[in-house]
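Please walk through the structure shown below, beginning with its surface and then turning to its fold and its charged side chains.

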Amino acid sequence: MADETDKSANQARTSRDDRLKSALRENLKRRKLQARERAASTDPSQNDDGSLNEGTAGKAGT
């Protein structure tokens with residue numbers, strides 16, 4: 001009887017682990033794709049250093 005309980009618990013654990021591995025893998029793929037898309041897109045409102053281009057209105061005291 002104890003063997004059946006152990007097998008059932010082990011199967012549940014293995015099933016859960018497999019689902020978690022799959023979910024993590026899919027999440028990683030999605031995040032990599034998002035990072036690639038962000039890197040590929042160019043935002044004309046940003047300078048090369050990544051700061052916003054505010055023009056002369058953003059400069060104080062000059």
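In this predicted model, the protein chain presents an accessible surface of about 6100 Å², and 49% of that area belongs to carbon and sulfur atoms. The chain has 62 residues, of which 0% count as buried, a label reserved for residues under 20% relative accessible area. Its secondary structure consists of 1 helix and 0 strands, and the helix in question, α1, covers residues 2-40.

Against this background, the charged side chains can be considered. Side chains of opposite charge can pair when their charged atoms come close. A search of the whole structure finds 2 salt bridges.

One of the salt bridges joins the side chains of Arg13 and Asp17, with a distance of 3.8 Å from N to O. Because Arg13 and Asp17 are 4 residues apart in helix α1, about one helical turn separates them. Arg13 counts as exposed, with a relative accessibility of 51%, where the cut-off for that class is over 50%, whereas Asp17, at 28% relative accessibility, counts as partly exposed.

A salt bridge also links the side chains of Lys29 and Glu26, where the distance from N to O is 3.7 Å. Both Lys29 and Glu26 belong to helix α1, in which they lie 3 residues apart, about one turn of the helix. For Glu26, the relative accessibility is 43%, and this residue therefore counts as partly exposed.

Conventions: Residues numbered from 1 in each chain as written. Predicted model: local features only at pLDDT ≥ 70, side-chain atom pairs only at ≥ 80, totals over all residues. Heavy atoms only, no water. Helix = DSSP H or I, 4+ residues; strand = E, 2+ residues; numbered from the N terminus. Buried < 20%, exposed > 50% of the residue type's maximum accessible area, 1.4 Å probe, protein only. Areas by Shrake-Rupley, 256 points an atom, 1.4 Å probe, with all protein chains shown as cover. Salt bridge = Lys/Arg side-chain N within 4 Å of Asp/Glu carboxyl O.
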